[in-house]
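Got your viewer open? Let's take a walk through this structure, one selection after another.

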Amino acid sequence: MANVYAAGAMPMNKRTFIRLFASLLASPVISPLLAWASKIKLKNWAGNLEYSTDRLYSANSLEQVQSYVKKQSKLKVLGTRHCFNNIADSTHNLLSMKSMDEVVALEPEAHTVTVTAGMTYGQLCPHLHSKGFALHNLASLPHISITGACSTATHGSGEKNGNLATAVSALEIVTAAGEVVKLSRQQDGEAFLGAVVGLGSLGVITKIALDIQPAYLMRQYVYESLPLSELKDHFDAIQSSGYSVSLFTDWQNQRISEVWIKSRVEEVHAFDATPEFFGAKRATKNLHPISELSAENCTEQMGVLGPWYERLPHFRMGFTPSAGKELQSEYFVPRQNGVEAILAVERLRDQVSPHLMISEIRTIAADNLWLSPCYEQACVSIHFTWKQDWRAVRKLLPVIEKELAPFKARPHWGKLFTMSPAELKSIYKRLPDFIRLSKKYDPKGKFRNEFLSMNVFSS
Ligand SMILES: Cc1cc2nc3c(=O)[nH]c(=O)nc-3n(C[C@H](O)[C@H](O)[C@H](O)COP(=O)(O)OP(=O)(O)OC[C@H]3O[C@@H](n4cnc5c(N)ncnc54)[C@H](O)[C@@H]3O)c2cc1C
C-alpha cells in the first residue's frame, strides 16, 4: 500500500491563514488559532495536504507548552508546514510554535546560538550575520522553521557539509508527561544523536541550539548545459568545485541544464569562474532553476559578493519561493553510487519528464544522527519537483524507487515516497533504537500520528 498521503486539493487561502496567524498569536494564553466553525481548511505550504484537524493552538512560552501537552491525549507540532507528506498531520490537535521565535543566547565562546523552536532560518540568519556569525549551510529556501527542518534532516549541498541537523548542539524538549528534558551533544551521547532527527516523535522541542562560525562572504556562479558525459567522467571534480554545488536537470537531451556553484571567498582554492566549465557555459544573467522562469525570486548570481545567508539558499527571503503548485520527492544514495544512480534515473527520462518541473542533485557529508539519510554514509541526493498531479506521481514513485533500490536509496522524511515500512526498516538500521528512545519520552504515543505509526512504529 502506498505510504504517502496527499489529500484532494482545495485551494488554500494563504493570505487569510497568515492574517489569522498574525492577529491571534499575540494572545497571552494558549489560544485556538482557527475557529472550528470556520470554512478555512488548514493546509500545508504546497496545498496538496489538508490537515486532518483544524484544532490549531499556539503557545507563547515553555509553561504554556507544558500545560497544553499535559492536557492533551494526542497532538502534533506544526512547523512552517513545508513537508509534502502527512508527517506533521494530526487527527486530534496541532500546536504551533510560530510565536516562540526569539534568540535566547548567542555564545561566541561556545560557538552556539540558542533559539526558541518557532524561529525560521530567514529570521535567524540576518541577526546572526549582524553579530558577525554564520551557520555552516542552508536549504534551498530560508522560509522553513529551524526545528521542523532539523527534525526531518533537511539539507543543502556541499561535499564537506553535513545536513542542517548536524549543526544542532542541544535540544530542550517537553515530553508526553509535560516534563522538560535537555539533551546535548556534549553530555548525552547516543540519546542526543537519536533525538535530533526526531520526526516530531519525542515531544515538543521548545529550544534548539546550533553551532555557529564567523560570518563569511560568498559568490554564486551558474553554468548552463553541462553534458551528461562530462558529469559521468568528472562527478567528483564538479561537486567539489565549490563549497556548495547544485545540479539542475529536466533529464532531457543528455545534459544538466544548470550547475549552481556557491563558493566562500576566503577558501584557499576559491572557485575560478572560467567562461567554460566541463563543457558548460557561464550564464550571462541570473537564472531560475527552471530556466524559463523569472529569476527575480532567486538569490544573486553572476559572482556578486554577498553574505552567506543570501547565497546559500537558491530563493530569497520575502519572495514566493517556487513556481507555484508542486510536489516534491527526494532520494539519498551512498556517495560512491551517485553517478550510477543518476544514470539509472536518466534512463527513466521518458516516464519522469512529463510530470517533472525540475530535478536537483546535491551532495551531503556523512553524519552520526540515527534517522538521518546520511547516517554513516556520505550521500548524493536526487530530488524531484513534480507538477501537482498526485495520481501520476504516485504511480511513478515506485518505478523510481525500484530503480534506486540496488543502492539502498533512503527517502527524504518530509517529501513524498511510497516505500513500505519494511523497506524503511531495512535501510534505517537505527530504527529499533529510535523506537526505544521515543517510547522513553512518549510511552503511550501522544506525539504519534498516522505517518509515524505506519513508517516508524510498525517496524
Ligand atoms: C519549496 C520547498 C523547498 C524545500 N527545500 C528543501 C531543501 O533544499 N532541502 C531539504 O532537505 N528539504 C527541503 N524542503 C523540505 C523541508 O525542508 C522539510 O519538509 C522541513 O521539514 C520543513 O520544515 P517545516 O517546519 O515546514 O516542517 P513541518 O512540515 O511543519 O513539520 C515537519 C516535522 O517537524 C516536526 N516539528 C516541527 N516543529 C517541531 C517542534 N517544535 N517540536 C517537535 N517537532 C516539530 C513536525 O511535527 C513534523 O514532524 C523544501 C520544502 C519546500 C516546500
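Is S157 buried or exposed? Select S157 and have a look before reading on. S157 counts as buried, because its relative accessibility is 2% and the cut-off for buried is under 20%. Keep in mind as you go that you are looking at a predicted model.

**Stop 1: around S157**

S157 sits in the loop between α4 and β8. Now add P313 to your selection. In sequence, S157 and P313 are 156 residues apart, yet their C-alpha atoms are 9.9 Å apart in space.

Stay in that loop and pick T154, which also lies between α4 and β8 (168-174). T154 has a relative accessible area of 11%, so T154 is buried. Show side chains here, and you can find a polar contact between the side chains of T154 and T152, at 3.2 Å.

**Stop 2: the ligand**

Click on the ligand next, and show the residues around it. There are 35 of them, and V77, G79, T80, H82 and S145 come nearest.

Try the distance tool on these atom pairs:

- From an oxygen atom of the ligand to a backbone N or O atom of H82: 2.7 Å.
- From a nitrogen atom of the ligand to a polar backbone atom of H155: 2.8 Å.
- From an oxygen atom of the ligand to an N or O atom in the side chain of R362: 2.9 Å.

How much of the ligand's accessible area does the protein cover? On its own the ligand has 980 Å² of it, and the protein covers 99%.

Now colour by secondary structure. Elements that each supply at least two residues of the shell are β3 (76-78), α4 (146-151) and β10 (204-211). Which of the elements gives the most to the shell? That's α4, with 4 residues. If you colour by residue class instead, the shell around the ligand shows 16 nonpolar, 15 polar and 4 charged residues.

**Stop 3: the rings**

Time to show the aromatic side chains. The count comes to 17 aromatic pairs. Zoom in on one of them, W413 with Y428: the ring centres are 4.8 Å apart and the planes meet at 35°, so this pair is tilted. W413 lies in the loop between β21 (410-411) and α10 (421-427), while Y428 lies in the loop between α10 and α11 (431-441), so the pair ties together parts that are 15 residues apart in sequence. Both W413 and Y428 are buried.

Don't leave Y428 just yet. Select R410 as well, and you'll find R410 over the face of Y428, at 5.3 Å from the ring centre. For another view of this kind, go to Y243: R264 lies over the face of that ring, 5.0 Å from its centre.

Then select Y221, Y223, F271, F277 and F278 together. Ring pairs link these residues into a cluster.

**Stop 4: two backbone oddities**

Which sign does phi have at W251? Phi is positive there, about 65°, although W251 is not a glycine. You'll find W251 in the loop between β13 (244-249) and β14 (255-264). With a relative accessible area of 2%, W251 is buried.

Jump over to M302, in the loop between β16 (280-282) and β17 (306-307). M302 isn't a glycine, and its phi is positive too, at about 60°. Turn on the surface: M302 is partly exposed, because its relative accessible area is 39% and that class runs from 20% to 50%.

**Stop 5: K43 and S90**

Is K43 buried or exposed? Its relative accessible area is 0%, so K43 is buried. Look for K43 in the loop between β1 (31-32) and β2 (56-58). Then add D89 to the selection. K43 and D89 are 46 residues apart along the chain, and their C-alpha atoms are separated by 9.7 Å.

Last pick: S90, in the loop between β3 and β4 (94-96). S90 is buried, with a relative accessible area of 6%. Which backbone nitrogens lie 2.8 Å and 3.0 Å from a polar atom of the S90 side chain? The backbone nitrogen of H92 is 2.8 Å away, and the backbone nitrogen of N93 is 3.0 Å away.

Definitions and conventions:
Residues are numbered from 1 along each chain as its sequence is written. This is a predicted model: local features need pLDDT of at least 70, side-chain atom pairs count only at pLDDT 80 or more; totals for chains, interfaces and linings use all residues. Side-chain values use heavy atoms; hydrogens and water are left out. A residue is near a molecule or strand if one of its heavy atoms lies within 4 Å of it. A polar contact is a pair of N or O atoms within 3.5 Å; within protein, one must be able to donate a hydrogen and the other to accept it, and residues adjacent in sequence count only if both atoms are side-chain atoms. Accessible areas come from the Shrake-Rupley method with a 1.4 Å probe; for residues, only the protein chains shown count as cover. Ala, Val, Leu, Ile, Met, Phe, Trp, Tyr, Cys and Pro count as nonpolar, Asp, Glu, Lys and Arg as charged, and the others, Gly among them, as polar. Rings of Phe, Tyr and Trp (its six-membered ring) pair if their centres lie within 6.5 Å; planes under 30 degrees apart count as stacked, over 60 as edge-to-face and the rest as tilted. Buried means under 20% relative accessible area, exposed over 50%, partly exposed in between (1.4 Å probe, protein chains only). A charge sits over a ring if NZ of Lys or CZ of Arg is within 6 Å of the ring centre and within 35 degrees of the ring normal.
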